[in-house]
Amino acid sequence: MLIRIVKMTFEPQHVATFQGHFEGWKAKIRASSGCRHLELWQDVDDQRVFFTYSHWNHPQDLENYRTSDVFAAVWPVVKPLFAAPAQAWSVHRMHQLP
């Protein structure tokens, strides 16, 4: 399993716009082949900062999403709303406590 964390910082006037877009996209993203889990987080100290946290069966599933029609519809709409470049990490879980 691959875990993907993406940090996005938005211009203040675009926060609500992004949140509305995410509501419309989340089911399509979650329905992508190999996507097992999707969450949206918001920084408690900076309301402009959001993170997506997703689980993918295999790295290729994430790559397939990144070349999908869904991603092609999402990214060009979101990217112009950023105040800073997005940052992304792909990680493997090493330990999980019960």
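Three helices and four strands make up the chain, here seen in a predicted model. Reading from the N terminus, the order of these elements is β-α-β-β-α-α-β. As for overall dimensions, the C-alpha trace spans about 35 × 35 × 20 Å along its principal axes. The radius of gyration comes out at 14 Å, which agrees with the value near 13 Å for a compact globule of 98 residues. Contacts tell a story about sequence distance too: take those between residues at least 6 apart in sequence, and 70% of them join residues at least 24 apart. On the burial side, 35% of the 98 residues count as buried. The chain exposes about 6200 Å², with carbon and sulfur atoms supplying 55% of that area.

Next comes the largest pocket, with a volume of about 370 Å³. Its lining is made up of 20 residues, and the closest to the pocket centre are Val-6, Thr-52, Tyr-65, Phe-71 and Trp-75. Sorted by character, the lining residues split into 16 nonpolar, two polar and two charged. Several elements pitch in: the strands β1 (2-10), β3 (49-56) and β4 (82-91) each bring at least two residues to the lining, and so do the helices α1 (15-30), α2 (59-66) and α3 (69-78).

Two individual residues round out the picture. Ile-3 sits in strand β1. With a relative accessibility of 4%, Ile-3 falls under the 20% cut-off and therefore counts as buried. Leaving aside residues up to four places away in sequence, Ile-3 touches Tyr-53, Ser-54 and His-55, along with Trp-89, Ser-90, Val-91 and Arg-93. Ala-27, by contrast, is not on that list of neighbours: Ile-3 and Ala-27 are 24 residues apart in sequence, and their C-alpha atoms are 18 Å apart in space.

The other residue, Asp-61, belongs to helix α2. Asp-61 has a relative accessibility of 12%, so this charged residue also counts as buried. Setting aside residues up to four places away in sequence, the contacts of Asp-61 are Ser-33, Gly-34 and Trp-56. Thr-17 is 44 residues from Asp-61 in sequence, and the C-alpha to C-alpha separation of the two is 28 Å.

Note on methods. Residues are numbered from 1 along each chain as its sequence is written. This is a predicted model: local features need pLDDT of at least 70, side-chain atom pairs count only at pLDDT 80 or more; totals for chains, interfaces and linings use all residues. Side-chain values use heavy atoms; hydrogens and water are left out. On a 1 Å grid over the protein atoms alone, a cavity is a set of points where a 1.4 Å probe fits but cannot get out, and a pocket is an open set with protein on both sides within 12 Å along at least five of seven lines; lining residues have an atom within 4 Å of a point. Grid points are joined across faces, edges and corners, and a volume is the space filled by probe spheres set on the points. The radius of gyration is taken over C-alpha atoms; the globule rule is 2.2 Å times the number of residues to the power 0.38. Buried means under 20% relative accessible area, exposed over 50%, partly exposed in between (1.4 Å probe, protein chains only). Contact means heavy atoms within 4.5 Å. Accessible areas come from the Shrake-Rupley method with a 1.4 Å probe; for residues, only the protein chains shown count as cover.
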